[in-house]
Amino acid sequence: ESELAALSEVRRAPGDRKAAVPALLEILKDPGAHPKALAEVAVALGEIGDPAAIPALVAAARPEARERDVMDANRHVADALGNLRAREAVGVLTELLQKSSDGFTQVAAVDALGKIGDPAAVDTLVGVATGDRVEPFTARKALLALGRIGDPRAGPAVMRMLFEERPGVSFFPEAAFAAVQIGRPMAAPLLAVLEGRDEKLAAWARERGVVPGALY
């Protein structure tokens, strides 16, 4: 309890908090550190914003963890890596997204990948955005992350999710915003729909019961 209180005070301390980074990293690297302490350290390091923390944060992630406190720590590690725009963390964030059983951790990993903006995450995020068994909230977050990355390879998935519907769920707002963020590369595909030239999307829409007028 005293350690957690001290770590919380670090976040509120005035002045240059980078001086605390070496001590925080020691806690992060300690194999005996409590997960709640690791979570506090990750939050602090994400707020301080020192890139020197990235390797230790990457090493601290436990994608296959099932204990609640460890999963909470994973979530905060993902948040911190996103705040640090850590391109070298794309691999471990992808693992957190694919292997963690905790929805909050998955969303944190998705958000972090979007903040980092590395196109290497596009295929993984497309899989999340279009996955039939993915929670709608997580899929929406993946669409927003794809828009933030802005890679044209996400275009076909974004186009499809404009028209994807599940009982009581529409993905149109997030997909439309992603399309705008991707920008000019989306113009030709959208025009093809308006002009009736996207037979592949039209066939998919027929299978899903989407009326042609909705596409237009």
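Let's start with Leu144, which you'll find in helix α9. Keep in mind that this is a predicted model. So is Leu144 buried or exposed? Its relative accessibility is 33%, and because buried means under 20% and exposed means over 50%, Leu144 counts as partly exposed.

What does Leu144 touch, once we set aside residues up to four places away in sequence? The answer is Glu174, Phe177 and Gln181. While you have that region on screen, look at Phe172 as well: Phe172 is 28 residues from Leu144 along the chain, and the C-alpha atoms of the two are separated by 11 Å.

Now let's zoom out to the helix itself. Helix α9 covers residues 136-149, which makes 14 residues. At 1.5 Å a residue, α9 should span 20 Å, and its end C-alpha atoms are indeed 20 Å apart, so expectation and model agree.

Which residues of α9 are buried? They are Thr138, Ala139, Ala142, Leu143, Ala145, Leu146, Gly147 and Ile149. You can follow them to their neighbours, too: these buried residues pack against α7 (103-116), α8 (122-130), α10 (155-163) and α11 (172-182). And just after α9 comes Gly150, which takes a positive phi of about 75 degrees.

Two of those neighbours, α8 and α10, also meet one another. Here's a handy reminder before we look: two packed helices are described by the angle between their axes and the distance between the axes. For α8 and α10, the axes come within 10 Å and cross at roughly 15 degrees. That makes α8 roughly parallel to α10, because angles under 35 degrees count that way. Their crossing is left-handed. On the α8 side, the contact is made by Val126, Ala129 and Thr130, and α10 brings Ala157, Arg160 and Met161. Sorted by character, the residues of this contact are four nonpolar, one polar and one charged.

Finally, let's travel back towards the start of the chain, to another helix pair. Helix α2 is residues 21-29 and helix α3 is residues 35-48; their axes come within 9 Å and cross at roughly 145 degrees. Here as well, the crossing is left-handed as α2 passes α3. Which residues meet? From α2 we have Val21, Leu24, Leu25, Ile27 and Leu28, and facing them from α3 are Leu38, Val41, Ala44, Leu45 and Ile48. How do the residues of this contact divide? There are 10 nonpolar ones, with no polar and no charged residues.

That's my tour, thanks for listening!

Terms used. Residues numbered from 1 in each chain as written. Predicted model: local features only at pLDDT ≥ 70, side-chain atom pairs only at ≥ 80, totals over all residues. Heavy atoms only, no water. Helix = DSSP H or I, 4+ residues; strand = E, 2+ residues; numbered from the N terminus. Expected span 1.5 Å × (residues − 1). Buried < 20%, exposed > 50% of the residue type's maximum accessible area, 1.4 Å probe, protein only. Contact = heavy atoms within 4.5 Å. Axes fitted to C-alpha atoms, helices over the stretch in contact; angles between N-to-C directions. Left-handed = near helix turned anticlockwise from the far one by under 90°. Nonpolar A, V, L, I, M, F, W, Y, C, P; charged D, E, K, R; others polar. Parallel < 35°, antiparallel > 145°, perpendicular 65-115°, else oblique.
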